[in-house]
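Dear colleague,

I am passing on the structure we spoke about, together with some notes on it. Please look at it before reading on.

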Amino acid sequence: MQDPLQVAIQHHQLGRLQEAGRIYQSVLARNPNHPDALHLLGVVAHQLGQHQQAAQLISRAIALRSSVPAYYANLAEVWRALGQLDKAVECCRIALRLQPNYPEAINNLGLALLQVGKIAEAIDQFQAALQLRPNFAMAHNNLANALRTQGDLEAAIHHFRQAVECDPKLAEAHSNLGQLLCERQQLPEALQHCQKAVELRPSFAEAHSNLGNVLREMGKLDEARQHYVEALRLNPVIGMIYNNMAQLLQEEGKLPEALAWYQEALARDRNTPRIYCNLASALSELDRYDEAIAQYKIALRLDPKCPEAYNGLGFVCHEQGRDAEAKKHYQTALQFKPDFAPAHCNLGTLLEELNDLEGAEKAFRAALLHDPTHAGAKAQLATLLRGKLPDEDLEAMRRQLAEPDLLPGKRAVLHFGLAQALDARKQYAEAAEHLREANALALEAWRKRGEIYDPDKHHQFISEMMAVCTAEFFERLRGLGLDSERPIFIVGLPRSGTTLIEQILASHSQVFGAGELRFAREDFESLPAVMRSHPPETPEPASGEPAMAYLSRLDREAIHTIAQRHLDKLHALNSTALRVADKMPDNYMYLGMLAVLFPKAKFIHCRRDLRDIAVSCWMTNFRQIRWANSLDHIASRFLEYQRLMAHWQATLPVPLLHVDYEETVADLEGVARRLVAWCGLEWEPACLEFYQTERPVRTASVTQVRQPIYTRSGARWKNYEPALGSLFEKLVPSRSEPEA
């Protein structure tokens with residue numbers, strides 16, 4: 001009759017843990033002090049996740065027989081699972097004193113050292129284990145993990161491959177290799193290994209999670225979700241699985257849900273920098289920059305060399321206009337991870353704005369060298385080079401667009417970028433087709449985020465603004481604003497020439513070009529807090545803007561508080577220039593409030609043929625403008641703009657200089673001289689060489705203001721009349737406002 005202990009061991013080796021454990025217990029029922037049964041039952045408990053019980057059982061075995069190296073080697077793994085790493089290291093060292101050439105104990109010592117952050121020592125141990133047993137698959141797998149942590153990805157891939165060659169049934173190695181190949185965008189092979197891992201061990205939660213990651217990268221979001229759900233069913237305590245589900249939701253544009261899943265991940269895992277970085281990226285998508293910065297800083301406390309955190313901080317600083325800090329962060333990210341494509345791409349965008357166009361192209365090329373599928377880098381390169389984009393780059397974009405499972409976000413940016421290159425090549429019909437696709441995808445992305453543009457709500461806002469800012473309103477508040485002439489407000493529709501006008505003025509020695517500031521909107525939204533002691537008698541406006549009711553009750557104290565705060569913000573940006581230009585186009589909506597706050601400020605209204613503006617908006621991949629992806633929304637927005645500007649022309653108590661884009665192109669010097677005189681400054685010839693002015697330009701027209709004036713964008717709408725004729729019919733091409 002076969003020995004029950006041997007039968008149990010056979011079940012154990014075949015992975016039948018419950019059956020093996022039952023037989024070990026029957027052996028112990030007959031002999032409670034059987035050291036091998038105690039030891040092996042402890043191993044089963046460890047494999048089932050019952051680590052405390054495992055520690056007790058194996059410790060009893062050691063008390064009965066203290067000379068068996070395997071007992072100590074396995075107890076080390078139990079202590080490691082319990083987080084008691086000092087005990088794990090000590091058990092390994094005892095095992096090695098008992099048996100110096102014991103590969104399993106050496107491997108386990110390496111695991112304990114890796115977990116305490118002693119990566120180099122861990123690598124030495126794994127290599128020592130492999131010297132004793134070159135075909136030790138798990139040691140290859142563990143060495144690969146250590147090398148990956150150290151940043152040596154090529155060596156890591158080599159040892160993962162060695163692991164699966166030594167043991168083709170080692171699910172851990174297949175899963176780890178698949179995940180690393182996924183991160184390096186080698187998706188077809190990554191899919192094979194991750195599928196093999198799940199096939200070998202269907203109950204392996206991490207394998208399902210990694211397979212989900214590959215499927216997510218391939219755009220198969222529904223399949224990815226199924227594997228994340230299965231991974232959570234198998235092991236609901238692994239924080240990284242919640243993180244992966246959150247990333248999927250973020251890909252779908254479901255940011256509030258993604259934030260909740262990131263919080264669930266952190267509730268289970270507070271020590272993984274990547275989770276904090278991903279949470280921060282979602283917060284920055286929602287423009288919650290201060291919160292994002294806080295999360296990135298936590299990631300850096302956990303890992304001072306975390307490239308994702310530096311890249312994320314760079315993006316936030318870039319969005320906030322802190323370009324020097326942004327550049328430093330991007331460069332630090334690349335110092336720690338030279339093949340980090342997103343950081344190369346972000347650096348390229350910044351360099352383009354800083355007028356280093358050659359450096360920008362190199363950065364985009366570097367991103368594509370390390371990740372040939374990086375859609376953002378391809379689109380940025382196409383937008384930068386336009387007609388000079390090489391044919392091979394154009395074809396690479398077309399090939400990627402032909403991939404059926406390409407994620408919608410990547411597909412949209414490729415369509416936008418390709419349209420820019422085709423437009424420059426005068427292939428307008430094909431450009432229009434790409435723009436239809438791009439804008440439809442962008443519109444759907446807004447819808448998924450719950451941020452679809454509401455024309456009726458905007459109409460109500462404009463109506464309420466006109467109802468509040470009447471001639472009587474301005475007469476009541478006459479003389480209450482601050483006398484500062486420092487602000488210059490350049491307003492108009494996006495793509496109407498505001499960037500060009502700002503660049504002309506910023507080329508003057510006494511003008512600081514501040515870019516698109518959000519200060520006016522912040523002034524308006526601060527009204528309820530500033531005027532808390534003056535609650536409005538009317539209910540909240542139908543537009544949902546509570547500040548509107550307070551605007552009608554403005555008084556001297558509130559005006560001085562808000563205006564001074566605005567000037568303080570300008571001073572923080574620049575403390576020396578006589579004038580500061582704010583070119584936020586949407587400030588045309590707040591002209592009434594700004595005229596009250598700063599009656600001596602300089603107000604400049606940029607105008608352009610509405611059809612040309614419409615084409616330019618339709619072609620631009622705006623990150624924050626929600627109305628530019630729908631022809632109906634564009635038409636509605638433009639008509640509301642005309643309605644409000646006509647109202648300001650009739651009621652505004654301050655002078656407003658109208659500047660036509662077409663006239664600027666035709667008579668640059670005449671318009672430039674008039675602009676400078678309007679701002680109360682002496683003429684400087686540098687204003688005619690605005691394209692040579694070294695300053696950051698953050699706009700979709702960045703490359704256009706880096707070259708001398710040109711006329712090719714005039715009457716551009718004619719190229720797209722077949723595609724946009726229905727929109728043009730709704731727009732009035734003539735000026736709707738009389739001359740100032």
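The notes below cover the sheet, the nonpolar cores and two loop residues.

This is a predicted model, in which local features need pLDDT of at least 70 and side-chain atom pairs count only at pLDDT 80 or more, while totals for chains, interfaces and linings use all residues. Residues are numbered from 1 along each chain as its sequence is written, and side-chain values use heavy atoms, with hydrogens and water left out.

Five strands (DSSP runs of E, at least two residues, numbered from the N terminus) form an open, parallel sheet in the order β2-β3-β1-β4-β5, where pairing requires that DSSP finds at least two bridges between two strands. Its edges are β2 (511–513) and β5 (657–660), each of which pairs on one side only. Strands β1 (487–491) and β4 (602–607) are joined in parallel over four bridges, and Phe 489 stands opposite Phe 603 in β4.

The largest nonpolar core (buried Ala, Val, Leu, Ile, Met, Phe, Trp, Tyr and Cys residues joined through side-chain atoms within 4.5 Å; buried means under 20% relative accessible area, exposed over 50%, partly exposed in between, with a 1.4 Å probe and protein chains only) has 227 residues, of which Phe 524, Leu 551 and Leu 554 touch the most other members. A second, separate core of 22 residues includes Val 511 and Leu 657.

Asp 287, although not a glycine, has a positive phi of about 65°, and this residue is partly exposed at 31% relative accessible area. Arg 386, likewise not a glycine, has a positive phi of about 45° and is partly exposed at 23%.

With best wishes
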